[in-house]
Amino acid sequence: MERLVLTHQVGDHVAAPPHAGLDDRLAFALVTGPDAATCQRRTRTALNHLTVRIDQPVHVTACAR
């Protein structure tokens, strides 16, 4: 893997699909290789070693009546 770029800090709010945009990505993994198959294998390896924990929201934004 060439580089792993984290785009958010712990506790940052990000949206999930279908409301997510490019700025909701948690990280970008950049890989290099001599061919597409090698790059795909390296991408899978990077993803298999990345752990993300999703917690419940700290506050509720809905209004119940």
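Good morning. I begin with one contact: the side chains of Thr38 and Asp35 are joined by a polar contact of 2.7 Å. A polar contact here is a pair of N or O atoms within 3.5 Å; within protein, one must be able to donate a hydrogen and the other to accept it, and residues adjacent in sequence count only if both atoms are side-chain atoms.

Before I continue, a word on the source. This is a predicted model, in which local features need pLDDT of at least 70 and side-chain atom pairs count only at pLDDT 80 or more, while totals for chains, interfaces and linings use all residues. Residues are numbered from 1 along each chain as its sequence is written, and side-chain values use heavy atoms, with hydrogens and water left out.

Thr38 belongs to helix H1. Is Thr38 buried or exposed? Its relative accessibility is 9%, so Thr38 counts as buried; the cut-offs are under 20% relative accessible area for buried, over 50% for exposed, and partly exposed in between, with a 1.4 Å probe and protein chains only. Asp35 appears again at the start of H1, where one of its side-chain oxygens comes within 3.3 Å of the backbone nitrogen of Ala37.

Next, the helix itself. H1 covers residues 36-48, and its 13 residues should span 18 Å at 1.5 Å a residue; the end C-alpha atoms are 18 Å apart, which agrees. The expected span is 1.5 Å times one less than the number of residues.

As to the whole chain, there are 1 helix and 2 strands, in the order β-β-α along the sequence. Helices (H or I, at least four residues) and strands (E, at least two) are DSSP runs, numbered from the N terminus. The mean pLDDT, the predictor's confidence in each residue from 0 to 100, is 82 for the chain, and 85% of the residues reach 70 or more. Among the elements, H1 has the highest mean pLDDT, 92, and strand E1 (residues 3-6) the lowest, 86.

Of the 65 residues, 5% count as buried. With contact meaning heavy atoms within 4.5 Å, residues 24 or more positions apart account for 34% of the contacts with a separation of 6 or more.

I close with Ile54, in the segment after H1. Ile54 counts as exposed because its relative accessibility is 75%. From Gly11 it is 43 residues away in sequence and 9.7 Å away in space, C-alpha to C-alpha.
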